[in-house]
Each structure stands twice: as C-alpha cells, then as structure tokens.
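Colleague: I am new to reading structures of this kind. Could you take me through this one, step by step?

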Amino acid sequence: MLSYILRRIVATLPVMAIVALFVFSLLYIAPGDPAVVIAGDQASPEDVERIRQSLGLDRPFLVQFGSWVWRILHGDLGTSIFTNLPVSTMIGQRLGPTLSLMIVTLLLTIVVAVPLGVVAAWKAGSLIDRAIMAFAVFGFSLPVFVVGYVLAYVFALELEWLPVQGYTPLTEGFWPWLQNLILPAIALGCVYIALVARITRATMLEVLQQDYIRTARAKGLGQGGILFIHALKNASVPIVTVIGIGIALLIGGAVVTESVFAIPGLGRLTIDAILRRDYPVIQGIVLLFSFVYVLVNLMIDVTYTLVDPRIRY
C-alpha cells in the first residue's frame, strides 16, 4: 500500500512540472510587455529597459524559469506588480472567502445530489425519475452567471431574504457568514449537483441489479436499508471519485461566482489580476489551483485503493 502511494506521488511530479512550465510561460504567451505595463505610457525606453533588468526579463528563458522554480520551492511566489505585496500574502488574504464558498457548495452538493440520485434510481422510469433527470439536464446546461443573476434578483432584490453581495467572516457569527454564501453556493452548485445526481443514479441502477440486493429483499430488509446501507455503500466509490474530480468545476466556477456576488476571494483576485496584467499574481493563483486539483485527484486514488479490495498495489 505504501509503495502504491509513493508511486502515485512520484507520478504527480511530472504533471506539476508541466503545469509550472505552462504557468511560467503565461508571461510570454500573454500580449504586452510587463516592463511597459509597470513603467507606464510616459516612460522612456531607458526606464523600460531598467525595469526589464530588475525583473530579470533580459535573461534567457530557461534561466528565468529555473530561478522562478527555485523561488517557488522556497515558498516565494513573487511580488505583485501593482501593490508591491508578496503574492503569497495576497492569496492568504483572499483564501478564506473562496474556501468558505467551496466548502458550503460541496456540502450542499452532497446533501442534495446524492439523495436525488438514489431516489431517481429507486423510481427508475417513473415520473419522479424523469423530473429529477430533467432538473439535472437543466442545471447542467445553465451557465453559473445566469443562475447567479436570477437568484440575486429574486431572493435578494425582490424578496429581500438574503444579501445580494459581499462576504462576512466566520469570526463575526455563523449565520451572517452562511447568509452571504447561500446564493453563491446554490449558483455554483447547480452544475455540480446535476453531475453528481446523474452519476449517483447510474451507479445505483447498476448496483440494484446485483444478486446480494435481491437476497436482501428476499430476507425482508426494508427499502431504506437496501438503498442507503447496502446499495449506496457499494456505489460510493464512483460517486466519491466524481465529487473529487468535480473540484475543478468549483475552482473554475468560483471565479465567475465571486465576480457576480462581489465576494473578495481568489476568483475575484484572479479577475482583477488579469485586467491589470499582474502576471506574478496570475501565475501564483493558477499554480495554486493546479496544485489543489492534482492533490485532490491523488487523495481520490489513495481513497479508492483503501475502499476497493480489487485494486492491486
């Protein structure tokens, strides 16, 4: 088991190396010269060249990349072009709102999507099943920003049940914290809920055809025990896998959701950095998101081997 985990960790290193190369290349792929952006429109060519030298942009590409990786390995993500703050400090300041949004969305998805999928599989072919699958298709088709604007208009502006924008830290109270996250979590979770519900239904349908389920029914076990104890337990591995892989949906959707609801998180920071061409901030955030995604997939692989005895190490 330990050797398998070590192999999986080693296998992620080339992935992170490729990601790091791509992230660093953003400086060259993106239009414009960072030195010109920093210097401003009124700067002379000498000022621009001096800034290029201070940033190391006059050195060969591989030398710059090696120096950048060395700083990354020592925890230095660089310094923002516009605020002169360390990128790690800026990420730390914005991490709380994004982490809160993703946690609430993840919990909402599990609480809503898994029971919907189980009920749809139980009532396969019925009107309930069709209604749930229609909701899943509808939720998967709508863009996050459309759902966000509709929710904000109905529940914040018209009904005035929930705040339309902003974020309240958890230290100021649980309900104020949750109140600001309900609408963003629903908007962000619609696609996620639809995906998990569909996968849960498909997996449960397969499990419910197994011999041990028929044996449980023959022994007189109740429908609830069959569905949630025997069937769901054995269908959990693909469901957990999809939930973990769906973290990518949360990361991408958080950028849009935080912009719609004015949440000062990493998504909003990403948009601001792109608009200002703040390359060190963009590189740091993309690298962080990529690392989180790779780490989550690694954890899924390890969990899969723990719960599925058919895996050979």
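Modeller: Let us begin with a term: a contact means that heavy atoms lie within 4.5 Å. Please note that this is a predicted model, in which local features need pLDDT of at least 70 and side-chain atom pairs count only at pLDDT 80 or more, while totals for chains, interfaces and linings use all residues. Residues are numbered from 1 along each chain as its sequence is written, and side-chain values use heavy atoms, with hydrogens and water left out.

Colleague: Of the contacts with a separation of 6 or more, what percentage comes from residues 24 or more positions apart?

Modeller: Here we take the contacts in the protein with a separation of 6 or more and ask about those between residues 24 or more positions apart. Their share is 71%.

Colleague: How many helices and how many strands are there in the protein?

Modeller: Helices (H or I, at least four residues) and strands (E, at least two) are DSSP runs, numbered from the N terminus. By that rule the protein has zero strands, and its helices number 15.

Colleague: Which helix gives the most to the largest nonpolar core?

Modeller: A nonpolar core is a set of buried Ala, Val, Leu, Ile, Met, Phe, Trp, Tyr and Cys residues joined through side-chain atoms within 4.5 Å, where buried means under 20% relative accessible area with a 1.4 Å probe, counting protein chains only. The largest such core has 54 residues, and Val196, Met204 and Ile239 are among those with the most contacts inside it. Eleven of its residues come from the helix that gives the most, residues 182-207, which is H9.

Colleague: Which residues does Met204 touch, not counting those up to four places away in sequence?

Modeller: Met204 is among the residues with the most contacts inside the largest nonpolar core. With residues up to four places away in sequence not counted, Met204 touches Val118, Ala121, Leu227, Ala231, Leu232 and Ala235.

Colleague: Why do the buried residues of H14 line one face of the helix?

Modeller: In H14, which covers residues 266-276, the buried residues are Leu266, Gly267, Leu269, Thr270 and Ala273. The arc is taken from the directions from the helix axis to the C-beta atoms. Seen down the axis, the buried residues of H14 line one face because they fall within an arc of 160°.

Colleague: What separates the centres of domain 1 and domain 2?

Modeller: The bounds come from an automatic or database domain assignment, which places domain 1 at 1-74 and domain 2 at 88-307. Taken over C-alpha atoms, the separation of their centres is 32 Å.

How values were computed. Buried < 20%, exposed > 50% of the residue type's maximum accessible area, 1.4 Å probe, protein only.
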